[in-house]
Amino acid sequence: MESQTVPQFTAAAQFTKTVVAAALMRRRPGHEVELFIARRTSPESVAGMWEFPGGKLEPGETLHQGLHRELREELGVEVVLQAEVIGRGHGSYVAEAGWWLKETTAMRLFRGEVLAGEPFPLQDHDRVDWVPVTSRLLDYPWIPADRPIVEQLLRDRDS
């Protein structure tokens, strides 16, 4: 599957909305590291595409508070959050704003691990899965703005 072209943004880009999301990972004995992914049901423009779980940051929330809330609401899990996924030199990543999604919306994505609960789709998704962190991740039909992040996770794995 070909990588999609994403517009180049500069630090001057004006992001007014923030989405928070997680790259939840696990390692089971005898298996490769796996990434948790979720398939959207709506809006129609992205229905059937895969994404990282998360959602909109509410006014007054910190990035971590918002992400914990979203993961409880969307998947019914408690997590521990780790380092943010940084787009080293990637055109769709703006330092201190995050990954460009659309218009004036940026996403801050953090690595994480499930502490309690088994993730299952509560809203916005019809399917969830744990997938090995290999180049086969690129075979999934990702929401276009999430694909560069998948590519970054694969680069980080190889470095």
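**Exercise 1. The two hairpins around β7**

Starting from K102, which stands opposite T105 in β8, work out how strand β7 is paired on each side in this predicted model, and describe the turns that connect it to its partners.

*Solution.* Begin with the pairing that K102 and T105 belong to: β7 and strand β8, which covers residues 105-116, run antiparallel and are joined by three bridges. The connection between β7 and β8 is a hairpin with two residues between the strands, and in this turn E103 has a positive phi of about 35°.

Next, turn to the other partner, strand β6 (residues 93-94), which is joined to β7 (residues 98-102) by two bridges, again in an antiparallel arrangement. Within this pair, Y93 has W99 of β7 as its bridge partner. β6 and β7 also form a hairpin, here with three residues between them, and E96 in the turn has a positive phi of about 65°.

Finally, consider the reason for singling out these phi values: most residues other than glycine have a negative phi.

**Exercise 2. The loop between β2 and β3**

Locate the cis peptide bond in the loop between β2 and β3, and then determine whether V46 is buried or exposed and which residues it touches.

*Solution.* The cis bond joins S42 and P43, with omega at about -5°, and P43 is found in the loop between β2 (34-40) and β3 (50-51). As a point of reference, most peptide bonds are trans.

V46 is placed in the loop between β2 and β3 as well. Its relative accessible area is 14%, and because the cut-off for a buried residue is under 20%, V46 counts as buried. When residues up to four places away in sequence are set aside, V46 touches R40 and I143. A further relation across the sequence is that of V46 to P141, which is 95 residues away along the chain, while the C-alpha atoms of the two are 9.6 Å apart in space.

**Exercise 3. Three salt bridges and their surroundings**

For the pairs R26 and E34, E51 and R40, and E84 and R108, give the closest N to O distance and state how far each partner is buried.

*Solution.* The structure holds 14 salt bridges, and these three pairs can be taken in turn.

For the first pair, the side chains of R26 and E34 meet at 2.7 Å, N to O. R26 is partly exposed, since its relative accessible area is 25%, whereas E34 counts as buried at 5% relative accessibility.

For the second pair, the closest N and O atoms of E51 and R40 are 3.2 Å apart. E51 lies in strand β3 and R40 in strand β2, so this salt bridge ties together parts of the chain that are 11 residues apart in sequence. Both E51 and R40 are buried.

For the third pair, the closest N and O atoms of E84 and R108 are 2.5 Å apart. This pair links distant parts of the chain, with E84 in strand β5 (residues 78-84) and R108 in strand β8, 24 residues apart. E84 counts as buried because its relative accessibility is 17%, and R108 is likewise buried, with a relative accessible area of 16%.

Beyond these pairs, a network of salt bridges links E58, E61, R69, E70 and E73.

**Exercise 4. A buried glutamate without a salt bridge**

Explain why E74 is not assigned a salt bridge with R40, and identify what its side chain reaches instead.

*Solution.* Place the residue before judging its contacts: E74 is found in helix α1, which spans residues 63-75. E74 is buried, and the nearest side chain of opposite charge, that of R40, is 5.3 Å away. Because a salt bridge requires the nitrogen and the carboxyl oxygen to lie within 4 Å, the pair does not qualify, and E74 has no salt bridge. The side chain of E74 does, however, reach the backbone nitrogen of G54, at 3.4 Å.

**Exercise 5. The chain as a whole**

Set these local features in the context of the overall secondary structure, burial and contacts of the chain.

*Solution.* The chain has two helices and nine strands, which follow one another along the sequence in the pattern β-β-β-β-α-β-β-β-β-β-α. Of its 159 residues, 47% count as buried, and the chain exposes about 8,400 Å², of which carbon and sulfur atoms supply 51%. Among the contacts between residues at least 6 apart in sequence, 70% join residues at least 24 apart.

Terms used. Residues numbered from 1 in each chain as written. Predicted model: local features only at pLDDT ≥ 70, side-chain atom pairs only at ≥ 80, totals over all residues. Heavy atoms only, no water. Helix = DSSP H or I, 4+ residues; strand = E, 2+ residues; numbered from the N terminus. Buried < 20%, exposed > 50% of the residue type's maximum accessible area, 1.4 Å probe, protein only. Lys, Arg positive; Asp, Glu negative; His and termini not counted. Polar contact = N/O pair within 3.5 Å; in protein donor to acceptor, adjacent residues only side chain to side chain. Contact = heavy atoms within 4.5 Å. Areas by Shrake-Rupley, 256 points an atom, 1.4 Å probe, with all protein chains shown as cover. Pairing = 2+ DSSP bridges.
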